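Please open the structure in your viewer and keep the sequence panel beside it, since this tour moves from one selection to the next.

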Amino acid sequence: MSEESTAVTHPFLDLPPLSAARFASIEDRVARLLDTRQDVVIMQGEALLPLEGAIRGTAGPGTTALNVITGPYGQTFGDWLRDCGATVIDLAVPFHTAVRAEQIREAFAEHPGIDFVSLVHAEAATGNTNPVAEIGEVVREHGALFYLDAVASVGAEPVLPDAWGVDLCVIGAQKAMGGPAGVSAVSVSERAWARMAANPKAPRRSYLSLLDWKERWIDGGRAALLHAPAQLEMLALQACVERIETAGLDAVMARHARAAAATRAGAVALGGLEPYVHEAQDAAPVATTLRTPPGVVAADLVSRSLEADPALPLAAGGGALAQEMIRVNHYGADATPGAVRSCLAALGGALAGKGLVVDLGAALGAVEDAWR
Ligand SMILES: *Cc1c(COP(=O)(O)O)cnc(C)c1O
């Protein structure tokens, strides 16, 4: 065989290197998506990388952090903050609701030393969403640094770091953006950069370091990358942002809002299941959580539903929530009436198999009405 005939090209392989200019242009497009003038750094790992890097960069023994817990991620952030030596005030709210700006105001009144606030915008794991705009006003009044996990909200509802005064806004593409999971991004305000520069414990020469990207990438005019980028994931991120731009971000968000409303209405009409998040305004557009009836184990109901169709975007809650919580992950390509109908049909079948009375016709009618 000649050498030519063995050199088979492959769409994922043998690509030209991803240039610094291309990398910077993808960062700029992500910045436009967030309507931000802050620096946007694309991190070469899943969103936990910038989530942890931003906390370790800005928090230290002198930090007093208000850590809002509305789901499992808030718990993790509190652990990182404590590990950094910060004094942490946990504000936990039940997973069936959202935190109110008034609760943040009360926390500042009680602990005037708070200079850092960590918040998860929407929690795919619990299905709630928090009023970031109102909370941002309170945080700004007190001059604290505002850290936001917007991984599960971006693409499903507005995420506006500049308008809301968010200093560190972390996103990932794998949920409502319908993109890759292996790269992520964080927007960083001038204040946040200053906090990191003054923090002797901020990671440097480390994969977790945001300061490395500031000093060696941004301050160098984004001319040379720190290391070989995750090329395929970067191309996928670019394609995903392009697809959102083509459809229109508003249209993508509207699709998620409809999917959430339709799932909620459909589940109520089906019978047996209840929306886990009590008030519709506290329910996240990215994913809908449902509570199983007494005596029905959610993980069991989900595995029966997946027997019918393993591709359905259904999951049981994590940990202890696997007893009572079902997650309908109607995001990205699954933010469609078809996916919502299929999930409800499968859950209805599984409930009927347990001897419960369900009305699938009513559920599908409610989905149709809510989708309009
Ligand atoms: C999904 C999600 C992440 C990223 O976690 P993965 O489980 O790796 O997808 C981070 N924060 C929140 C709030 C999320 O919902």
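Begin by selecting Glu27, Asp28 and Arg222, which are linked in a network of salt bridges, a salt bridge being a side-chain nitrogen of Lys or Arg within 4 Å of a carboxyl oxygen of Asp or Glu. The model is a predicted one, in which local features need pLDDT of at least 70 and side-chain atom pairs count only at pLDDT 80 or more, while totals for chains, interfaces and linings use all residues. Residues are numbered from 1 along each chain as its sequence is written, and side-chain values use heavy atoms, with hydrogens and water left out.

Within the network, look at Arg222 and Glu27, whose salt bridge has its closest N and O atoms 3.0 Å apart. This pair links distant parts of the chain, since Arg222 sits in the loop between helix 9 (210-218) and helix 10 (231-247) and Glu27 belongs to helix 2 (residues 20-33), 195 residues apart; helices (H or I, at least four residues) and strands (E, at least two) are DSSP runs, numbered from the N terminus. Glu27 is buried, at 1% relative accessibility, whereas Arg222 is partly exposed, with a relative accessible area of 24%. Here buried means under 20% relative accessible area, exposed means over 50%, and partly exposed is in between, with a 1.4 Å probe and protein chains only.

Next, select Arg29 and Glu242, whose side chains meet in a salt bridge at 3.2 Å, N to O. This pair too links distant parts of the chain, with Arg29 in helix 2 and Glu242 in helix 10, 213 residues apart. Glu242 is partly exposed, its relative accessible area being 32%.

For a salt bridge inside one helix, go to Glu52 and Arg56, which both lie in helix 3 (residues 48-58), four residues apart, about one turn of the helix. Their side chains meet at 2.7 Å, N to O. Glu52 counts as buried, with a relative accessible area of 19%, and Arg56 is likewise buried at 16% relative accessibility. The count for the model comes to 20 salt bridges.

Now move to the ligand and show the residues around it, which are Glu46, Tyr73, Val120, Ala122, Ala124, Asp149, Val151, Ala152, Gln174 and Lys175; a residue belongs here if one of its heavy atoms lies within 4 Å of the molecule. By class, this shell has six nonpolar, one polar and three charged residues, where Ala, Val, Leu, Ile, Met, Phe, Trp, Tyr, Cys and Pro count as nonpolar, Asp, Glu, Lys and Arg as charged, and the others, Gly among them, as polar.

Which distances are worth displaying around the ligand? An N or O atom in the side chain of Glu46 is 2.5 Å from an oxygen atom of the ligand, and a polar side-chain atom of Asp149 lies 2.6 Å from a nitrogen atom of the ligand. For Lys175, a polar side-chain atom lies 2.7 Å from an oxygen atom of the ligand. Taken alone the ligand exposes 380 Å², and the protein buries 81% of that, the accessible areas coming from the Shrake-Rupley method with a 1.4 Å probe.

From Ala124, one of the residues around the ligand, turn to Arg327, which is in strand 13 (residues 325-328). A polar atom of the Arg327 side chain lies 3.3 Å from the backbone oxygen of Ala124. Arg327 is buried yet has no salt bridge, and the nearest side chain of opposite charge, Glu123, is 8.8 Å away.

Two loop residues come next, so colour them by backbone angle. Asp14 lies in the loop between helix 1 (3-6) and helix 2, and its phi is near 55°, a positive value in a residue other than glycine. Arg205 is found in the loop between helix 8 (190-197) and helix 9, and has a positive phi of about 45° although it is not a glycine. Most residues other than glycine have a negative phi. Asp14 counts as exposed at 63% relative accessibility, and Arg205 counts as exposed at 66%.

Finish with Val93, in the loop between strand 3 (87-92) and helix 5 (101-110), which counts as buried at 6% relative accessibility. Val93 and Thr70 are 23 residues apart in sequence and 5.6 Å apart in space, C-alpha to C-alpha.

Definitions and conventions:
A polar contact is a pair of N or O atoms within 3.5 Å; within protein, one must be able to donate a hydrogen and the other to accept it, and residues adjacent in sequence count only if both atoms are side-chain atoms. Lys and Arg count as positive and Asp and Glu as negative; His and the chain ends are not counted.
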